[in-house]
Amino acid sequence: LEDQLRQSQKMEAIGQLTGGIAHDFNNLLTGIVGSLDLMQTRISQGRTENVERYAKAAMTSANRAAALTHRLLAFARRQPLDPRSVDANRLVTSMEDLLRRTISESIQLELVPSDNLWLTLCDPNQLESAILNLAINARDAMPDGGKLTIETSNFHLDAASASTQQDVAPGHYVAISVSDTGTGMPADIVAQAFDPFFTTKPLGEGTGLGLSMVYGFAKQSEGHVRIYSEVGKGTTVNVYLPRYHGELDDQDVPSGLRQAHRA
Ligand code: ADP
């Protein structure tokens, strides 16, 4: 329990850090848009005074925003992936208490582990973060309560289906599906949802980095992510991770989870 508490404190610290960066980034963007807006007004009025000054101000803010993104990317890269053989059923089950504490009491939690689930090869700590991010999004989409379902399954993507999708290789995957009965998203939001810093949440509440982390993790693990959403009904996010054909090495449970199992 103490380990999980430490883990959620760590998540909170990361949340604060990324929230701060998103806030700075947003301020810089506001500056850029403001300068460009002034320039546009001047030009449309046929006046050229101060136009160069506004252009310089926009440029300075844009350069600072670029420096900020570089710092953020460097930070993200500092955590190299540590792929191991993972039993996703076991990982999801071990998160049950953490998930219950993360969502509110008005949200029902159902875990549906598939029988005979294949092993997958991925970084278990990052998978845990990805599931937590998806659960937080599900919670935020259900302010008046609802149901959060986390389901695992084996998934075979054949060559014909893979060829109709972008960036997806045919093969065997373990699917981890996080569903909510919340607000859902219209198609234009779904289209932007993976973009870093894209958020519809009030400043300070959303960083716009949750789904982009999930996307980056799946891609780096040679898997992929799909969003299915219907306004007023809810959202399902499926994370597909490659099947691992070897044996499960018990030593490969991350230290946080190993503690939890012992307790
Ligand atoms: P954040 O949660 O900080 O906003 P994300 O990248 O995780 O950042 O999500 C981006 C946006 O996608 C959210 O602001 C929200 O508009 C939308 N979104 C993500 N997950 C869901 C969901 N389960 N239900 C409804 N909307 C969602």
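This is a chat about a predicted model of a chain with a ligand.

Reader: OK, basics for this chain: how many helices and strands are there?
Author: There are nine helices and seven strands. Keep in mind that the model is predicted.

Reader: And how much of the chain is buried?
Author: Buried residues come to 28% of the 263 residues.

Reader: What share of the contacts with a separation of 6 or more is between residues 24 or more positions apart?
Author: That share is 72%.

Reader: On to the ligand. How many residues surround it, and which are the closest?
Author: The ligand is surrounded by 23 residues, and Asn137, Ala141, Thr199, Gly206 and Gly210 are the closest.

Reader: Which elements give two or more residues to that shell?
Author: Two helices do: H5, covering 124–140, and H8, covering 210–220.

Reader: What's the shell like by class?
Author: Around the ligand you get 13 polar residues, eight nonpolar ones and two charged ones.

Reader: Back to H5 and H8. How do their axes cross?
Author: The two axes come within 9 Å and cross at roughly 145°. The crossing is left-handed.

Reader: Which residues meet there?
Author: From H5 you have Gln126, Ser129, Ala130, Asn133, Leu134, Ile136 and Asn137, and they meet Gly210, Met213, Val214 and Phe217 of H8. By class, that contact has six nonpolar and five polar residues, with no charged ones. Asn137 and Gly210 also turn up among the residues closest to the ligand.

Reader: Switching topic to backbone angles. What's the phi of asparagine 116?
Author: Asparagine 116 has a positive phi, about 55°, and it isn't a glycine. Most residues other than glycine have a negative phi.

Reader: Where is asparagine 116 found?
Author: Asparagine 116 is in the loop that links strand S2 (107–112) with strand S3 (119–122).

Reader: Is asparagine 116 buried or exposed, and why?
Author: Asparagine 116 counts as exposed because 6 other C-beta atoms lie within 10 Å, and the cut-off for exposed is 12 or fewer.

Reader: Glutamate 222 caught my eye too. What's its phi, and where does it lie?
Author: Glutamate 222 has a positive phi of about 65°, again without being a glycine. It lies in the loop between H8 and strand S6, which runs over 224–230.

Reader: How many other C-beta atoms are within 10 Å of glutamate 222?
Author: There are 15, so glutamate 222 is partly exposed. Buried would take 20 or more.

Conventions. Residues numbered from 1 in each chain as written. Predicted model: local features only at pLDDT ≥ 70, side-chain atom pairs only at ≥ 80, totals over all residues. Near = placed C-beta within 6 Å. Helix = DSSP H or I, 4+ residues; strand = E, 2+ residues; numbered from the N terminus. Nonpolar A, V, L, I, M, F, W, Y, C, P; charged D, E, K, R; others polar. Axes fitted to C-alpha atoms, helices over the stretch in contact; angles between N-to-C directions. Left-handed = near helix turned anticlockwise from the far one by under 90°. Contact = placed C-beta atoms within 7 Å.
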